[in-house]
Amino acid sequence: MKIAQYLEPWTPRVLSILRIMFGLLILQHAIQKLFGFPVPSPQAAQVMSSLPPIMVMLATAIELVCGTLVTVGLFTRASALLMSGEMAIAYFMVYSPRRLMP
C-alpha cells in the first residue's frame with residue numbers, strides 16, 4: 001500500500017486546522033490594532049502611526065471580517081483573496097521602499 005492511501009483520510013482535517021490557524025492569525029492582527037493587545041512591536045506602532053487613519057481602519061475592517069470568515073469557513077476563497085491583496089499593498093507601501101526583503 002502506498003502512503004497516500006493512509007494519509008488521504010487526514011487531508012480534510014489537516015486543511016481545516018490550517019484554515020482555522022490562518023484565520024486566527026489574521027484575526028489577531030485586527031484585535032491588535034483595535035485593542036492594542038497583544039502589544040505591537042515598536043516598528044509596527046511606528047508604521048501604523050505614519051499611515052493615514054483611514055487606511056488603518058480599512059485594514060482593520062478587512063482583517064476582522066475576513067479573518068472571522070476564514071476561521072468559521074465561510075467564503076474562504078474570496079476572503080483569502082481580499083486579505084492577500086491587502087497584504088500585497090502593505091508590503092509595497094511599507095517594506096519595499098526600504099529594501100527588497102522585509
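**Exercise 1. How many aromatic pairs does the count come to in this predicted model, and how are the rings arranged?**

Solution. Begin with the count, which comes to one aromatic pair. The two rings belong to Tyr91 and Phe92, and their centres lie 5.1 Å apart with the planes at 75°. A pair of aromatic rings is described by the distance of the centres and the angle of the planes. Centres must lie within 6.5 Å to pair, and planes over 60 degrees apart count as edge-to-face; at 5.1 Å and 75°, the pair of Tyr91 and Phe92 is therefore edge-to-face. As a last step, consider the surroundings of each residue: Tyr91 is partly exposed, with a relative accessible area of 24%, whereas Phe92 counts as exposed at 57%.

**Exercise 2. Work out the order of elements in the protein chain, and decide whether the chain is a compact globule or more spread out than one.**

Solution. First list the elements: the protein chain holds five helices and zero strands, and from the N terminus on they run α-α-α-α-α. Next compare the radius of gyration with the globule rule: the value is 17 Å, well over the 13 Å that the rule gives for 102 residues, so the chain is more spread out than a compact globule. The extents of the C-alpha trace along its principal axes are about 55 × 30 × 25 Å. Then turn to the surface, where 18% of the 102 residues count as buried, and where the chain exposes about 7800 Å², with carbon and sulfur atoms supplying 75% of that area. Finally, look at sequence separation: among contacts with a separation of 6 or more, 56% join residues that are 24 or more positions apart.

**Exercise 3. State how confident the prediction is, and find where confidence is lowest and highest.**

Solution. Start with the whole chain, for which the mean pLDDT is 90, with 97% of the residues reaching 70 or more. Then go to the elements: confidence is lowest in helix 3 (residues 42–50), at a mean of 83, and highest in helix 4, at 96.

**Exercise 4. Identify the residues of the largest nonpolar core and the element that supplies its largest share.**

Solution. The core has five residues in all, namely Ile26, Ile62, Cys66, Val70 and Met83. Helix 4 (residues 53–72) gives the largest share, with three residues. In soluble globular proteins, nonpolar side chains tend to be buried together. To follow one member outward, take Ile26, which, apart from residues up to four places away in sequence, touches Glu63, Gly67 and Met83.

**Exercise 5. Classify Thr60, Val65 and Glu86 as buried, partly exposed or exposed, and place each in its helix.**

Solution. The cut-off needed here is that buried means under 20% relative accessible area and exposed over 50%, with partly exposed in between. Thr60, in helix 4, has a relative accessible area of 8% and is therefore buried; beyond its neighbours up to four places away, Thr60 touches Ala30, Lys33 and Leu34. Val65 also lies in helix 4, but at 48% this residue is partly exposed, and its C-alpha atom is separated by 20 Å from that of Pro40, 25 residues apart along the chain. Glu86 lies in helix 5 (residues 76–95) and counts as buried at 10%. Leaving aside neighbours within four places in sequence, Glu86 is in contact with Ala59, Ile62 and Glu63, while Glu86 and Leu58, 28 residues apart in sequence, are 9.5 Å apart from C-alpha to C-alpha.

**Exercise 6. Locate the cis peptide bond and the positive phi in a residue other than glycine, and describe the setting of each.**

Solution. Most residues other than glycine have a negative phi, and most peptide bonds are trans. The peptide bond from Phe37 to Pro38 is cis, with omega near -5°, and Pro38 has its place in the loop between helix 2 (11–35) and helix 3. The positive phi, near 50°, belongs to Phe75, which is found in the loop between helix 4 and helix 5 and is exposed, with a relative accessible area of 64%. To complete the setting, take Thr76, which lies in helix 5 and counts as partly exposed at 26%. Excluding residues up to four places away in sequence, Thr76 touches Arg19, Leu69 and Val70.

Note on methods. Residues are numbered from 1 along each chain as its sequence is written. This is a predicted model: local features need pLDDT of at least 70, side-chain atom pairs count only at pLDDT 80 or more; totals for chains, interfaces and linings use all residues. Side-chain values use heavy atoms; hydrogens and water are left out. A nonpolar core is a set of buried Ala, Val, Leu, Ile, Met, Phe, Trp, Tyr and Cys residues joined through side-chain atoms within 4.5 Å. Buried means under 20% relative accessible area, exposed over 50%, partly exposed in between (1.4 Å probe, protein chains only). Helices (H or I, at least four residues) and strands (E, at least two) are DSSP runs, numbered from the N terminus. Contact means heavy atoms within 4.5 Å. The radius of gyration is taken over C-alpha atoms; the globule rule is 2.2 Å times the number of residues to the power 0.38. Accessible areas come from the Shrake-Rupley method with a 1.4 Å probe; for residues, only the protein chains shown count as cover. pLDDT is the predictor's confidence in each residue, from 0 to 100. Rings of Phe, Tyr and Trp (its six-membered ring) pair if their centres lie within 6.5 Å; planes under 30 degrees apart count as stacked, over 60 as edge-to-face and the rest as tilted.
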